[in-house]
Amino acid sequence: AEGVNKMPVNRTITSEILVAYSQCPRKAFLIFCTDENGIPHEYVRILERHKKANRRIYLSELNQKMPHIQDYDVCFLQGGSDMIINATLRSEGLEAGCDLLTKLEASSSLGEHSYEPTICVGTHSVSKEQRLELFFAGYVLAQIQDKVPAAGRIIIKGQRSRKVKLENSGKTLVPLLEDLREWVAASPPEPPPLILNKHCPLCRFYSLCRAKAEQEDHLSLLDRISTPKAVQKYEKKGIFTVKQLSYLYKPRRRKKRTRNPPKPIYKPELQALAIRTGKIYLQELPELSRQPVELFLDIEGIPDQQLYYLIGLLVCEADTSEYHSYWADSPGDETRIWQQFLAKVNEHPDAPIYHYGSYEPRAIARLSRRYDTDDRDLKDLLINVNSYIYAKMYFPVRSNRLKEIGNFIGAAWRSPDASGLQSLVWRHYWEVTGDVRYRQLLMDYNEDDCQALKLLTDELIRIKHSADILLEVDFADEPKRHATKDG
């Protein structure tokens, strides 16, 4: 593979390889077929520590209840031990880890009994990757005992058990395993194409792939071209770089207005053109207007726990602005910060509440249900600033994320690595250490997001009123004339 160090293919397909392939074939290739190690994100390391701790507690409690539980050995399967821990299941070039095998009175090739798998994870909920890991353990176990387990279990944090059906898991697994077995058979296997996707920020090879994508000006640098299908669509036309893509855009003549105009469609070619020219392109002018009082909202939470621990609100009136933050030390404080937020909003009952994206409306809906609040009036005040940008305005950036557009228009974040993912790391270390520095980092990040949102809203209103005279702004379908018609 270009840019990576090759080594002989490991002939064993493990749980790690399978899960990696489901996230990104190139990630699996780098683990499976090269000696690249990469640098894991700190959040991934935290989850791995949580997983080990959860497993240790779970197995320790099992040992107390059943002191004669045995560590895995193939002979114990034949012998029919009731419970077997720390299993490494191997069959036909496959290897799956399994924290616990539980005996069932159902005949198999082992005898009058068979087993079901259990794995431990370090999260409060079950992800599709964790389900896939359990599917794989059940698949390898089925080859050993010649019987597909009907179900398995995933032990989430707090030693809570989640039952997962396994009978039809082969539909998900077999296509992935077929591709991986082709790598084992090939000598050497061809590296999968480089495609940046949503999993990248968590991947240990992110820096490596990002650098290669930058070097190639790869199409997947654009946030909306992040799947093999999307990339192949343009490659079939001979388009391989963002710069090449920019030349595909052609202004379209506007159709006559209709009562029900179609929804705007996002155009990657126009995004690429904006990047090449450094201009902002408009499909529609943003229909925003100033109000006497305006609120800018940003909420921080832990999705895995469905916990909201910080609500930030920037209150802007005339030429003054004041930032308010409502912080929860623990889940028990969530109701308090929710009531504090509602009280502050009720001080300005007609003020619009600007936010960016769908996270805040979902959080408000969930908190309203959780604490039996009528949120109908609140919902009417919410304004998603992103809805005035997506497919309507094209900034010369690679994605519509607030931080990327914010950096372009002059917003600043006090911490250079501030992000939603990094906020989970800071919150974890605050919970573990109680160090006020981590709390302050989160407060600063939240306030900077609110300020960036205000700056972006100001910019949209400025563009709305001055698009005709701004040199850095152009109309996508009716480019400005910089000379007279005769000229």
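**Exercises on cysteines, helices and strands**

The sulfur of Cys 209 lies 6.2 Å from the closest cysteine sulfur, that of Cys 203, which is too far for a bond. The structure is a predicted model, and the exercises below work through its cysteines and several of its helices and strands.

**Exercise 1.** Determine how many disulfides the model contains, and explain why Cys 33 does not form a bond.

*Solution.* A disulfide is a covalent bond between the sulfur atoms of two cysteines. The criterion applied here is a pair of cysteine sulfur atoms within 2.5 Å. For Cys 33, the closest cysteine sulfur belongs to Cys 24 and is 13 Å away, so the distance is too great for a bond. For Cys 209, the separation of 6.2 Å from the sulfur of Cys 203 is likewise too far. By this rule the count of disulfides is zero. As to their surroundings, Cys 33 is buried, with a relative accessible area of 4%, and Cys 209 also counts as buried, at 11% relative accessibility.

**Exercise 2.** Work out how helices H1 and H2 are oriented to each other, and describe the residues through which they meet.

*Solution.* Begin with the axes: those of H1 (residues 15-23) and H2 (residues 25-33) come within 5 Å and cross at roughly 150°. Since angles over 145 degrees count as roughly antiparallel, H1 and H2 are therefore roughly antiparallel to each other. Next, consider the contact itself, in which Glu 16, Ile 17, Ala 20, Tyr 21 and Gln 23 of H1 meet Pro 25, Lys 27, Ala 28, Ile 31 and Phe 32 of H2. Sorted by class, this contact of H1 with H2 comprises seven nonpolar residues, one polar residue and two charged residues.

**Exercise 3.** Establish whether strand E5 is mostly covered or exposed, and identify the strands joined to E5 by bridges.

*Solution.* Strand E5 (residues 114-120) is mostly covered, seven of its seven residues being buried. In a regular strand the side chains alternate between the two faces of the sheet. In E5, Ser 114, Glu 116, Thr 118 and Cys 120 point one way, while Tyr 115, Pro 117 and Ile 119 point the other way, and all of them are buried. Turning to the neighbours, strand E4 (residues 94-104) is joined to E5 by five bridges and runs antiparallel with it, with Leu 101 standing opposite Pro 117 of E5. Strand E6 (residues 151-156) is joined to E5 by three bridges in a parallel arrangement, and the bridge partner of Ile 119 in E6 is Ile 154.

**Exercise 4.** Reconstruct the three-stranded sheet that contains E8, and place helices H16 and H10 in relation to its strands.

*Solution.* The sheet is open, with its three strands in the order E14-E8-E15 and with mixed pairing. Its edge strands, each pairing on one side only, are E14 (393-394) and E15 (473-475). Strand E8 (residues 280-282) runs parallel to E15, the two being joined by three bridges, and Tyr 281 has Asp 474 of E15 as its bridge partner. Helix H16 (residues 436-466) lies across E8, E14 and E15, running at about 60° to E8. For H10 (residues 268-277), seven of the 10 residues are buried, so this helix is largely enclosed by the rest of the structure. Its buried residues are Pro 268, Glu 269, Leu 270, Gln 271, Ala 272, Leu 273 and Ala 274, and their cover includes helices H8 (228-235) and H9 (242-246) as well as strands E8 and E14. H10 is followed by Gly 278, which has a positive phi, near 75°.

Methods:
Residues numbered from 1 in each chain as written. Predicted model: local features only at pLDDT ≥ 70, side-chain atom pairs only at ≥ 80, totals over all residues. Heavy atoms only, no water. Pairing = 2+ DSSP bridges. Helix = DSSP H or I, 4+ residues; strand = E, 2+ residues; numbered from the N terminus. Contact = heavy atoms within 4.5 Å. Axes fitted to C-alpha atoms, helices over the stretch in contact; angles between N-to-C directions. Buried < 20%, exposed > 50% of the residue type's maximum accessible area, 1.4 Å probe, protein only. Parallel < 35°, antiparallel > 145°, perpendicular 65-115°, else oblique. Nonpolar A, V, L, I, M, F, W, Y, C, P; charged D, E, K, R; others polar.
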